[in-house]
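Please walk through this protein with me, one region at a time. Keep the sequence and the 3D view side by side.

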Amino acid sequence: MRYELKIALRYLRARRKDAFISITTVFTAVGVMIGVAALTITLAVMSGFQESIKTRILALSPQVQILNAEGSISDYAAIQAKAASVSGTSGSDAYLVGQGMLSSGRGAGGVVVRGVESANSVVREEWGRFIVEGALANLARNYPPPAPGGSPAYGIAIGITLAHRLKAKPGDALRLVAPIVNPDGSLATRTGEFAVGAIFDSGMNYIDSNMVFMDLPRAQEFFGRPGKVDGIDLHLTNLGREETLAATAALKKLFPAPFEVRNWIEYDESAAAGFELLRRVYALVLTLLIGVAAFNLIATLIMVVMEKRKDIAVLIAMGATRRDIRTIFVLKGLIVGAAGTVAGLIAGAIGCFALARYHFIHIPREIYGISTVPVSADPSSFAIVALASIVLCLLATLYPARQASREMPVEVFRS
């Protein structure tokens with residue numbers, strides 16, 4: 001062990017007359033620990049929110065979408081088969097969208113009806129995870145007519161918020177009134193009897209309160225648009241930016257005008273960029289907290305230099321170079337900073353584990369779509385925080401170490 005490190009470690013040990021400096025050193029390390037722990041936990045929580053929101057947005061919105069600028073798409077089965085040949089796609093589902101008024105006799109509300117292929121594996125995979133009551137298979141089921149002599153009721157899926165508003169549960173009868181366009185271009189209304197086949201909880205309040213799913217063939221029949229869809233959603237095997245853009249470019253070549261190909265980046269990039277900016281702002285603010293602890297380290301080292309002036313003078317007189325003196329105090333500061341950083345990383349890891357395991361912090365589900373704080377601890381974030389903390393502590397040691405190396409033995413011995 002080099003003597004500079006030995007002396008730096010010795011200066012960490014408290015003597016009775018140096019007790020105040022030693023307590024200040026401990027508080028400095030604790031300050032670094034608190035800053036590091038706060039920053040790691042915050043980054044983990046922000047990453048958790050970002051992943052949760054991104055997962056829900058991409059599950060409930062198109063990853064890549066094919067539209068027809070001239071209106072509906074009629075040969076959608078052929079387009080789906082053709083799109084499946086593009087590398088990076090994992091499946092597709094055609095959809096139709098309509099609007100109407102849904103009522104149960106105990107409540108009513110305006111809804112957006114989305115006709116989906118309920119037997120499609122992509123639809124089952126994406127939406128099956130959100131079904132809390134019933135099943136998507138019920139959308140293709142015929143329920144008994146609500147009134148004697150009436151037609152069988154079709155199954156539909158409604159959001160949990162809408163179900164509470166309508167006071168409806170699986171199997172309950174519902175009535176949908178929707179505007180339709182007749183073949184001659186005139187407007188009319190159509191009324192249909194339906195039954196609650198499934199209730200979903202997406203975590204997105206505007207979807208859970210306004211969206212209704214219907215089996216695609218029945219939606220086409222109800223809205224008077226047989227054999228037509230409004231668009232085709234394509235799902236990708238990899239949602240990375242480069243992979244998404246590559247798949248989009250290939251699809252645009254495959255489906256020229258009048259078709260339009262759009263991807264999730266165009267729909268959601270502004271929201272993702274805003275969230276990332278917020279994450280960076282939080283990281284910057286909490287990094288300043290570590291900076292405050294680093295300034296405390298400067299004050300502590302300056303007090304140590306003032307206390308050890310005679311020791312420094314003796315070392316220089318015995319042959320220690322100015323560089324050796326600087327090294328002693330840089331090492332002392334780095335030891336304090338490293339101890340606080342390691343303790344902060346451990347505290348941050350424990351905090352992330354506790355948040356993820358015990359969910360003791362609850363948030364409004366109506367606002368965030370989830371009831372507890374999500375945590376996604378990334379090892380790279382811990383490494384970056386540790387590096388930033390050590391660098392700040394290193395910078396904090398430079399001035400006190402420089403001042404210590406400028407001590408003149410003759411002047412110290414005279415005093």
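Leucine 289 sits in helix α9, which spans residues 264–307. This is a predicted model. Leucine 289 has a relative accessible area of 35%. It counts as partly exposed, because that class lies between the buried limit of 20% and the exposed limit of 50%. Leucine 289 also belongs to a nonpolar surface patch of about 530 Å². Its partners there are Ile23, Val26, Phe27, Val30 and Ile34. Helix α2, residues 19–60, gives the most to this patch, with 5 residues.

Now go inside. The largest nonpolar core has 39 residues. Strand β7 supplies the largest share of this core, 4 residues. Which residues have the most contacts inside the core? They are Leu102 and Ile158. Take leucine 102 and leave aside its neighbours within four places in sequence. Leucine 102 is then in contact with Ile158 itself, and with others including Gly107, Val111, Ile156, Leu162, Leu174 and Val212.

Next, helix α10, residues 309–317. Its buried residues are Ile312, Ala313, Leu315 and Ile316. These residues cover an arc of only 165° around the axis, so they lie on the same side of α10. Which residues are exposed on the other side of α10? Lys310 and Ala317 are. Just after α10 comes glycine 319, with a positive phi of about 115°.

The backbone holds further points to look at. Most residues other than glycine have a negative phi, and most peptide bonds are trans. Lysine 167 goes against the phi trend: its phi is near 55°, a positive value, and it is not a glycine. Find lysine 167 in the loop between α5 (160–166) and β7 (173–181). Is lysine 167 buried or exposed? It is exposed, with a relative accessible area of 52%.

Histidine 359 is not a glycine, yet it has a positive phi of about 50°. Look for histidine 359 in the loop that runs between α11 (322–358) and α12 (365–368). At 35% relative accessibility, histidine 359 is partly exposed.

One peptide bond deserves a stop. A cis peptide bond links alanine 257 to proline 258, with omega about 15°. Where does proline 258 lie? It is in the loop between α8 (241–254) and β11 (259–263).

Terms used: Residues are numbered from 1 along each chain as its sequence is written. This is a predicted model: local features need pLDDT of at least 70, side-chain atom pairs count only at pLDDT 80 or more; totals for chains, interfaces and linings use all residues. Side-chain values use heavy atoms; hydrogens and water are left out. Buried means under 20% relative accessible area, exposed over 50%, partly exposed in between (1.4 Å probe, protein chains only). Helices (H or I, at least four residues) and strands (E, at least two) are DSSP runs, numbered from the N terminus. The arc is that of the directions from the helix axis to the C-beta atoms. A nonpolar core is a set of buried Ala, Val, Leu, Ile, Met, Phe, Trp, Tyr and Cys residues joined through side-chain atoms within 4.5 Å. Contact means heavy atoms within 4.5 Å. Patches are made of residues with over 30% relative accessible area and no salt bridge: like charges are joined within 9 Å, nonpolar side chains (Val, Leu, Ile, Met, Phe, Trp, Tyr) within 5 Å. Accessible areas come from the Shrake-Rupley method with a 1.4 Å probe; for residues, only the protein chains shown count as cover. A salt bridge is a side-chain nitrogen of Lys or Arg within 4 Å of a carboxyl oxygen of Asp or Glu.
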